[in-house]
Amino acid sequence: MDTRMDRTMRIVISNASPDPIYKQIADQIRDAVLRGQLEEGAPLPSIRGLAKELQVSVITTNRAYEELEKDGLITSVPGKGSFVAVHNQELLREKRLHLLEEKLTEAIEDARQMGLTKEELMNIITLLYEGEEQHG
Amino acid sequence: MDKALRVMNVSKHYPGFNLSNVSFELERGYVMGLIGPNGAGKSTLIKLIMNLVKRDGGTIEVFGLDNQEHELEIKERIGFVYDTIPYYGMLTVSEMKSLIAPFYQKWNENVFRRYLKEFGLNPGQKIDTLSRGMQTKFQLAVALSHEAEFIIMDEPTSGLDPVFRSELLDILYDIIQDEEKTILFSTHITTDLEKIADYITFINDGQLVFCMPKDEVLDRYAVVKGGLELLGSGLERRFVGMRRGHTGFAALTDDAEALMREYGQKLVVEKASLEDIMVYMVRGERSV
């Protein structure tokens with residue numbers, strides 16, 4: 001496998017996860033692309049190389065790459081392999097925002113179940129946000 | 001699609017055993033695991049593909065060619081790994097090679113030497129004295145040295161320890177890296193080897209149960225567990241197989257999502273392994 005990949009990408013498959021393996025792979029690569037851990041144009045491992053690496057079937061890694069291609073996050077060039085797509089920065093930002101909204105929605109759901117008010121939740125967010133700023 | 005193997009309505013009758021109307025296909029460049037309990041017909045099926053026994057009905061094509069009419073041509077392109085080594089045991093690895101190599105037009109001596117080294121095989125060692133795992137490696141070295149495009153293995157891991165199985169898995173992953181080679185193996189125990197399988201063909205009692213992409217199989221079935229009070233209201237009808245005890249039941253189902261919605265916390269739902277699927281399907285409903 002390309003050594004550049006080894007430093008920048010981490011894929012961990014869990015048999016205990018309810019998600020199918022192809023989804024676990026796609027999610028982790030998607031995350032790495034959206035966070036900017038994988039640069040534009042960076043080569044991804046070959047479908048068969050990744051199958052060997054993760055000890056899964058070729059159909060599984062192939063499906064993961066297909067999902068990512070559908071999302072426009074990677075491109076595959078026949079005979080050359082797959083690469084992180086050169087993306088439109090605005091689109092990328094939009095996708096990251098969308099991911100953030102999903103996570104926040106989850107947090108809001110949890111807060112509602114616990115009976116927290118909007119103000120209480122906002123206070124927690126403010127506290128955490130400012131804490132991060134001080135530490136970061 | 002480019003098929004490495006097409007088995008169509010194949011039948012074989014023996015006294016007390018019938019392989020009936022088995023059909024499945026395998027695309028070039030992919031790996032298929034043939035699973036089923038002992039006596040299901042896996043070895044018979046592999047022998048039929050290799051034309052070591054004559055079929056009673058149906059057709060078998062390898063690389064698009066009838067496996068009886070084009071037997072020699074096909075066998076040049078197949079690497080067959082037997083469960084027990086079919087060679088003369090008193091010969092050395094090197095002598096055995098000299099006996100086999102002339103049968104193959106595409107024999108490549110350099111490739112053979114390279115694999116001996118890679119697999120840790122000593123050319124001077126007698127076949128008899130090779131461990132079971134080393135005999136499998138020798139057969140694979142032979143297959144790779146005549147540029148076999150299709151590797152067929154009958155029970156390649158039976159009696160082998162987990163360390164060798166893991167080594168074999170790595171070797172098979174290396175073999176499929178070129179996108180051209182196709183692999184079919186049979187096994188009656190589900191081991192780590194199916195990790196590499198793209199497709200699973202399940203046969204039981206001479207019948208095809210299913211031939212599906214492994215991911216679809218694992219996605220379709222789940223194991224559900226619960227208390228006995230849940231039974232008796234038609235729940236059992238949604239099980240493929242069930243094991244009922246005094247403290248509760250465990251069952252295989254292909255309807256897990258709906259069951260989770262209807263029964264919620266009353267049912268425990270877990271991913272099914274290939275072993276679960278094989279056991280529940282073969283044994284059906286049983287009490288312990």
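Good morning. In chain B of this structure, the centres of domain 1 and domain 2, taken over C-alpha atoms, stand 35 Å apart. Before I continue, I should state that the model before us is predicted.

Let me stay with chain B. Its domain 1 covers residues 3-214, and its domain 2 covers residues 221-287. How many residues of each domain take part in the contact between them? Domain 1 of chain B brings 12 residues, and domain 2 of chain B brings 7 residues. Together the two domains of chain B bury about 770 Å², with 82% of this area on carbon and sulfur atoms. On the side of domain 1 of chain B, three residues deserve to be named: B:Thr190, B:Phe202 and B:Phe210 supply 49% of the area that this domain buries against domain 2, more than any other three residues.

What polar links cross this boundary? Between domain 1 and domain 2 of chain B, the rule finds 0 salt bridges. The number of residue pairs in polar contact between these two domains, with both residues at pLDDT 80 or more, is also 0. Two strands of chain B, E9 (199-204) and E10 (207-213), each give at least two residues to the side of domain 1 that touches domain 2. The largest share, 3 residues, comes from E9(B). Sorted by class, this side of domain 1 of chain B holds 6 nonpolar, 4 polar and 2 charged residues.

I now turn to chain A, which is also assigned two domains: domain 1 (3-84) and domain 2 (89-135). Here 5 residues of domain 1 of chain A meet 6 residues of domain 2 of chain A. The distance between the centres of these two domains, over C-alpha atoms, is 28 Å. The area they bury between them is about 510 Å², and 54% of it lies on carbon and sulfur atoms. The side of domain 1 of chain A that touches domain 2 of chain A consists of 2 nonpolar and 3 charged residues, with no polar ones. Across this interface in chain A the rule finds 0 salt bridges, while 2 residue pairs, both residues at pLDDT 80 or more, are in polar contact.

Within domain 1 of chain A, whose bounds are 3-84, there is a pair of strands to look at. Strand E1 (residues 74-77) and strand E2 (residues 81-84) of chain A run antiparallel and are joined by 4 bridges. One of the pairings sets A:Val77 opposite its bridge partner A:Gly81 in E2(A). The two strands form a hairpin with 3 residues between them, and A:Gly79 in the turn has a positive phi of about 80°.

Next, the two chains together. Chain A contributes 16 residues to their contact, and chain B contributes 18 residues. The area buried between chain A and chain B is about 1,400 Å², and carbon and sulfur atoms give 47% of it. How many residue pairs in polar contact lie between chain A and chain B? There are 13 such pairs, both residues being at pLDDT 80 or more. On the side of chain A that touches chain B, helix H3 (47-54) and helix H4 (58-70) of chain A each supply at least two residues. H3(A) gives the most, with 4 residues. By class, that side of chain A has 5 nonpolar, 8 polar and 3 charged residues.

Which residue of helix H4 of chain A may serve as our example? I have chosen A:Ile59, which lies in that helix. Setting aside neighbours within four places in sequence, A:Ile59 is in contact with B:Tyr30, B:Asp198, B:Tyr199, B:Pro213 and B:Asp215. Within its own chain, A:Ile59 is 12 residues from A:Ile47 in sequence and 8.8 Å from it in space, C-alpha to C-alpha.

I close with charged pairs. Side chains of opposite charge can pair when their charged atoms come close. Across the interface of chain A and chain B, the rule finds 1 salt bridge. The side chains of A:Lys52 and B:Asp174 meet in a salt bridge, at 2.8 Å from N to O. Over all chains, the structure holds 26 salt bridges. One of them joins the side chains of B:Glu25 and B:Lys3, at 3.2 Å from N to O. B:Glu25 belongs to strand E2 (residues 17-27) of chain B and B:Lys3 to strand E1 (residues 3-14) of chain B, so this pair ties together parts that are 22 residues apart in sequence.

Thank you for your attention.

Notes
Residues numbered from 1 in each chain as written. Chains lettered and ligands numbered in written order. Predicted model: local features only at pLDDT ≥ 70, side-chain atom pairs only at ≥ 80, totals over all residues. Heavy atoms only, no water. Domains from an automatic or database assignment. Contact = heavy atoms within 4.5 Å. Buried area = accessible area lost by both parts, 1.4 Å probe. Salt bridge = Lys/Arg side-chain N within 4 Å of Asp/Glu carboxyl O. Polar contact = N/O pair within 3.5 Å; in protein donor to acceptor, adjacent residues only side chain to side chain. Nonpolar A, V, L, I, M, F, W, Y, C, P; charged D, E, K, R; others polar. Pairing = 2+ DSSP bridges.
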